[in-house]
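This briefing concerns one protein model and is addressed to a reader who has its sequence and coordinates at hand. Two topics are taken up: the packing of a helix and unusual backbone geometry.

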Amino acid sequence: MHFAAFIEVGESVQFPLKYYRNNVAATINLIESMVQNDVKKFLFSSSAAVYGEPISSPITEDHPCRPTSPYGQTKLIVEKLLEESRVAHKLNYIALRYFNAAGADPSAAIGELHSPESHLIPLILQVASGKRDAISIFGTDHLTPDGTCIRDYIHVNDLVAAHLLSLQALQNGANHGVYNLGNSKGSSVHEVIESARRITGKHIPSVEVGRRPGDPAVLVASSVKARQEIGWKPQYETLDAIIESAWRWHQREFKG
């Protein structure tokens, strides 16, 4: 299972060679080593960023892939490398195109924490926790109902379940597959902030700033293929449920 990558869209626009070296060149090294050592099953952490600006929604796996950032390009290149390696070297693979992973385990024992933090929900909850003054909204002039970006949020435990089902599919003889992982429901940045305000009971100030380069306005998944072919069904299908689980972890993590 290959999860390692640089993942920041904006940074990839500033430093594309950094992203191609790490996300593509290093993955070529991994694939070559697998071929040399006769390792035949590869489960890849891909991204909805491979699609770029969608021409239809929700996005299905056969939607044209036209990434708008070097980050998205690197994920698409690796998917192509895997398909070519399947043909040439019989390397079986499944690529999982994540939409926006979020949330925390219900036990609150483990949650989402990056350094530096860049994901929307934990940033909002850091504001609610008093660790940050305000949440920045990158662009309010997108072609969406409220002007802010719309994303499809998927709970991390649902993501885990999809990986286990994909691994089982590979073990049962699947030789390739590409699947979207999302809830098929889009939420705008404003809607995510309002949900967090309801759940936390905190004011959560926001600040409007300019767009980030490479950010599509709307990314919402169709997960029909994953449901039909690997038997995946999300258990956390509402934004409130995802944020509520994340808030429990944040309260524990930042207690005192």
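The points below treat helix α2 and its packing, then the backbone exceptions. The model is predicted. Helix α2 covers residues 16–36, and its buried residues pack against α1, β1 and α3. Elsewhere, cis peptide bonds precede P58 and P116, while S184 and I204 adopt a positive phi.

**Helix α2**

- With 21 residues, α2 spans 29 Å from its first C-alpha to its last, close to the 30 Å expected at 1.5 Å a residue.
- Six positions of this helix are listed as buried, namely Y19, N23, V24, T27, I31 and M34.
- The partners of these buried residues are α1 (9–14), β1 (41–47) and α3 (70–89).
- Just after the helix, D38 has a positive phi of about 60°.

**Packing of α2 with α3**

- Two packed helices are described by the angle between their axes and the distance between the axes.
- For α2 and α3, the angle is about 15° and the axes lie 9 Å apart.
- Because angles under 35 degrees count as roughly parallel, α2 is described as roughly parallel to α3.
- The crossing of α2 past α3 is right-handed.
- On the α2 side, the contact is formed by P16, Y19, Y20, N23, V24, T27, I28, I31 and V35.
- On the α3 side, the contributors are P70, Y71, Q73, T74, I77, V78, L81, L82, S85 and H89.
- Classified by residue type, this contact contains 13 nonpolar residues, six polar residues and no charged residues.

**Cis peptide bonds**

- Most residues other than glycine have a negative phi, and most peptide bonds are trans.
- S57 and P58 are joined by a cis peptide bond with omega of about 0°; P58 sits in the loop between β1 and α3.
- A cis peptide bond also links S115 to P116, with omega of about 0°; P116 belongs to the loop between β3 (100–102) and α4 (120–128).

**Positive phi in loops**

- S184, a residue other than glycine, has a positive phi near 65° and lies in the loop between β6 (176–181) and β7 (186–188).
- S184 counts as partly exposed because its relative accessibility is 32%, between the limits of 20% and 50%.
- I204, likewise a residue other than glycine, has a positive phi near 60° and lies in the loop between α6 (189–200) and β8 (206–209).
- I204 has a relative accessible area of 2% and is therefore buried.

How values were computed
Residues are numbered from 1 along each chain as its sequence is written. This is a predicted model: local features need pLDDT of at least 70, side-chain atom pairs count only at pLDDT 80 or more; totals for chains, interfaces and linings use all residues. Side-chain values use heavy atoms; hydrogens and water are left out. Helices (H or I, at least four residues) and strands (E, at least two) are DSSP runs, numbered from the N terminus. The expected span of a helix is 1.5 Å times one less than its number of residues. Buried means under 20% relative accessible area, exposed over 50%, partly exposed in between (1.4 Å probe, protein chains only). Contact means heavy atoms within 4.5 Å. Axes are lines fitted to C-alpha atoms, for helices over the stretch in contact, and angles run from 0 to 180 degrees between N-to-C directions. Angles under 35 degrees count as roughly parallel, over 145 as roughly antiparallel, 65 to 115 as roughly perpendicular and the rest as oblique. A crossing is left-handed if the near helix is turned anticlockwise from the far one by less than a right angle, and right-handed if clockwise. Ala, Val, Leu, Ile, Met, Phe, Trp, Tyr, Cys and Pro count as nonpolar, Asp, Glu, Lys and Arg as charged, and the others, Gly among them, as polar.
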